[in-house]
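Reader: I am new to this structure. Please take me through a single part of it, slowly enough that I can follow along on screen.

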Amino acid sequence: MSVIGATSLSGKRGGESRFALRRIRSSGMFWACCASTMAVITLLFLVAGYLFVLGLPGISWALFTQDATGDPEAPGGLRHAIVGTLVLIALSGVVGVPVGLLAGVYLSEYSREGRGVPARATRFVSDVLAGVPSIVTGILGYELLVVPMGHYNGWAGALALAFIMVPIVARTTEEMLRLVPDSFRAGSLALGATRSQTILRVVAPAATGSLVTGVMLAIARVAGETAPLLFTALGNRALTWDPSQPFPSLTKQVFDYVTGPYESQKRVGWAGILVLIAILLVLNVSVRIVAARAVRSRT
Amino acid sequence: MVVQAMPGRDCALSMNHPPIPSPDAAIAGGEARAGDAPGATGFGFGAARQPKLSVLEAIRRGESVQGHTHAAVEKEAALLRVRDFKLFYGKSQALHSINMAIPEKRVTALIGPSGCGKSTLLRSFNRMNDLVDGVRTEGTITLRERNLYDRGVDPIDLRRKVGMVFQKPNPFPMSIFENVVYPLRIAGERKRGVLEAAAEKALRSSALWEEAKDRLSESALGMSGGQQQRLCIARAIAAEPEVLLMDEPCSALDPIATMKIEELIHQMSGRDDQSAGGYTVLIVTHNMHQAARVSDYTAFMYLGRLVEYGPTANIFQNPHLPETEQYVTGRFG
């Protein structure tokens, strides 16, 4: 500062004004960032506040113990939809998470520096898939599992959701594993470890936190999907554990209630959104705790 | 012959020279022939009508040059033998017909200016170069007369016998204990007692036990750089390798940490105390003083060729070639 100040003092006026201009630009940048951050925070609080205001009145014990009645006078609860969403998340996760993780491991660890035809094709397809409107995967599930089975069912819904998860998990896994320094890999291989030992014992544990984040992002995304379920699981007013039947889900139930004409059902619908957010929060925290424990026990 | 020029494009060089001996003969008998040849103290380019060409110039021109190996090296029992070893990264050749014998339970230093291939040569001993795309080798490197590049040799197995310490300390993001026992873990060892005994032994050998014994379960990333590097040495020797490769192990460390590592290298070779293990150590270093301090033998490399190789004292105080003298005294490179 002092050096710049000294030269501009002794120098020509042009230099000084250029310096002033740079300062204005610099602070302009700073305030633009601040303003945008404020806008984001405000928006977030608006959404959250709106949900709480609308959803809290509908929260009750019955919400978790009763199923839908179909009667606008006494709409009942959301037990069937909560169970349905949890089952759909579990089923789609069982398929989508391992496939996504392993594909990501391939892209980052086994493809030659990410070059090579299979790697580039996988990455391209993943990027395209991640950008495909979710209703398209719903239609795919419809063609693959609804039409052959003759009726809407939970398997088709879970598969459609898994289709959405795979590219998200694969790409975040690849990105996160790439952040692990190569010196870890070299160190492990130089000690006589195989590639799979290196990945399982050094590379993946070093990235566990971010891998979990990627998986949770995919689960959250999927848990909030409605469009692919319209064509596949359809929905069900009764509690069912059988995925070969039309299957309930929170999002579909909320959609039906909130867009419907009855105030009593709207209240339950708004409460359902709060429940969905709470489920994701609990899931996120518990998966993180479990993953952290698993890593600690091995290292 | 001290320096031999391959018959090649530049025929002026090769005209007055005997044919190149086979690489094996070059190692086994190079010194004896050098003694027989008249005027062996200079270069082999004796004829007056030929331009006097230094070894390094010849190398720069792409001539094939066989390095000068001092007789004392051959008197030691060799654990590793490099025979006519060439290495290519794609189309560019990084190592040119390297011939050298690495004495058992001694410290051998590889020195030379950047890009001379010393790290590449080091990584050839545990086949870490296999991990680089497009690497191709010719010739052999034998460990106890077994060629490391034979089809039947599993690099995973090899790397258990030939440990490596890297330039930058690279402890894994685990506890100190788990870092040290990592080689045992991947070999399938599960008994707590065995792991603990191995960890203590390795940490004692790397002079880290006193500092680390009360914090074995803490993360290794919380240690200082010098401690981390000694941990990496402990980890490498926990696998009980025969050979320890060190790729500029002190270049990221401060002088005191460097001193500790150098002491460690000195002890590990088992020169003073045979009970201390006795590893065959190969160390790449940019620091000439370090090479002089820690090593028994020193090899000077230039542009992928071995130029001169002999007892460290000879290389630094009484080198055979003026080029070596110029390099070790810091006049080039």
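Author: What follows is a close look at chain B, and then at the spaces in the structure.

The model is predicted. Start with the makeup of chain B. It has 14 helices and eleven strands. Of its 333 residues, 54% are buried. Now take the contacts in chain B between residues at least 6 apart in sequence. Among these, 70% join residues at least 24 apart.

Next, a helix pair. Two packed helices are described by the angle between their axes and the distance between the axes. Find helix H7 of chain B, residues 176–186, and helix H8 of chain B, residues 192–205. They pack at an angle of about 115°. Their axes are 9 Å apart. The crossing of H7(B) past H8(B) is right-handed. Which residues of H7(B) meet H8(B)? They are B:Phe177, B:Val180, B:Val181, B:Leu184 and B:Arg185. On the H8(B) side, the residues include B:Arg192, B:Val194, B:Leu195 and B:Glu196. B:Ala198, B:Ala199, B:Ala202 and B:Leu203 are also among them. By class, this contact has ten nonpolar, no polar and three charged residues.

Now a loop residue, B:Val153. Look between strand S6 (146–147) and helix H6 (155–161) of chain B. Is B:Val153 buried or exposed? B:Val153 counts as buried, because its relative accessibility is 14% and the cut-off for buried is under 20%. Leave aside its neighbours within four places in sequence. B:Val153 is then in contact with B:Arg127, B:Arg146, B:Asn147, B:Leu148 and B:Leu158. B:Asn99 is 54 residues from B:Val153 along the chain, and their C-alpha atoms are separated by 21 Å.

Two further loop residues deserve a check of their backbone. Most residues other than glycine have a negative phi. B:Lys105 has a positive phi, near 55°. Its loop runs between strand S3 (92–103) and strand S4 (107–111) of chain B. At 31% relative accessibility, B:Lys105 counts as partly exposed. B:Glu240 also is not a glycine, and its phi is positive at about 50°. B:Glu240 sits in the loop between H10 and strand S8 (243–247) of chain B. B:Glu240 counts as exposed, because its relative accessibility is 51% and exposed means over 50%.

H10 of chain B leads on to the spaces. Rolling a probe the size of a water molecule over the atoms shows where empty space is left. How many cavities of 30 Å³ or more does a search of the whole structure find? It finds five. The second largest cavity holds about 50 Å³ of space. From chain A, its lining has A:Gly187, A:Ala190 and A:Leu191. From chain B, the lining residues include B:Met164, B:Val165, B:Phe166 and B:Asn170. B:Cys232, B:Arg235 and B:Ala236 line this cavity too. H10(B) gives the most to this lining, with three residues. Helix H8 (182–190) of chain A and strand S7 (162–165) of chain B each supply at least two. By class, the lining has seven nonpolar, two polar and one charged residues.

Last, an open space. The second largest pocket has a volume of about 520 Å³. Of its 23 lining residues, the closest to its centre are A:Leu101, A:Leu200, A:Ala204, A:Thr208 and A:Leu211. Several helices of chain A each supply at least two lining residues, among them H4 (79–110) and H7 (154–178). The largest share, six residues, comes from H13(A). The lining divides into 18 nonpolar, four polar and one charged.

How values were computed. Residues numbered from 1 in each chain as written. Chains lettered and ligands numbered in written order. Predicted model: local features only at pLDDT ≥ 70, side-chain atom pairs only at ≥ 80, totals over all residues. Heavy atoms only, no water. 1 Å grid on protein atoms, 1.4 Å probe; cavity = no way out; pocket = protein on both sides within 12 Å on 5 of 7 lines; lining within 4 Å. Points joined across faces, edges and corners; volume = space filled by probe spheres on them. Helix = DSSP H or I, 4+ residues; strand = E, 2+ residues; numbered from the N terminus. Nonpolar A, V, L, I, M, F, W, Y, C, P; charged D, E, K, R; others polar. Axes fitted to C-alpha atoms, helices over the stretch in contact; angles between N-to-C directions. Left-handed = near helix turned anticlockwise from the far one by under 90°. Contact = heavy atoms within 4.5 Å. Buried < 20%, exposed > 50% of the residue type's maximum accessible area, 1.4 Å probe, protein only.
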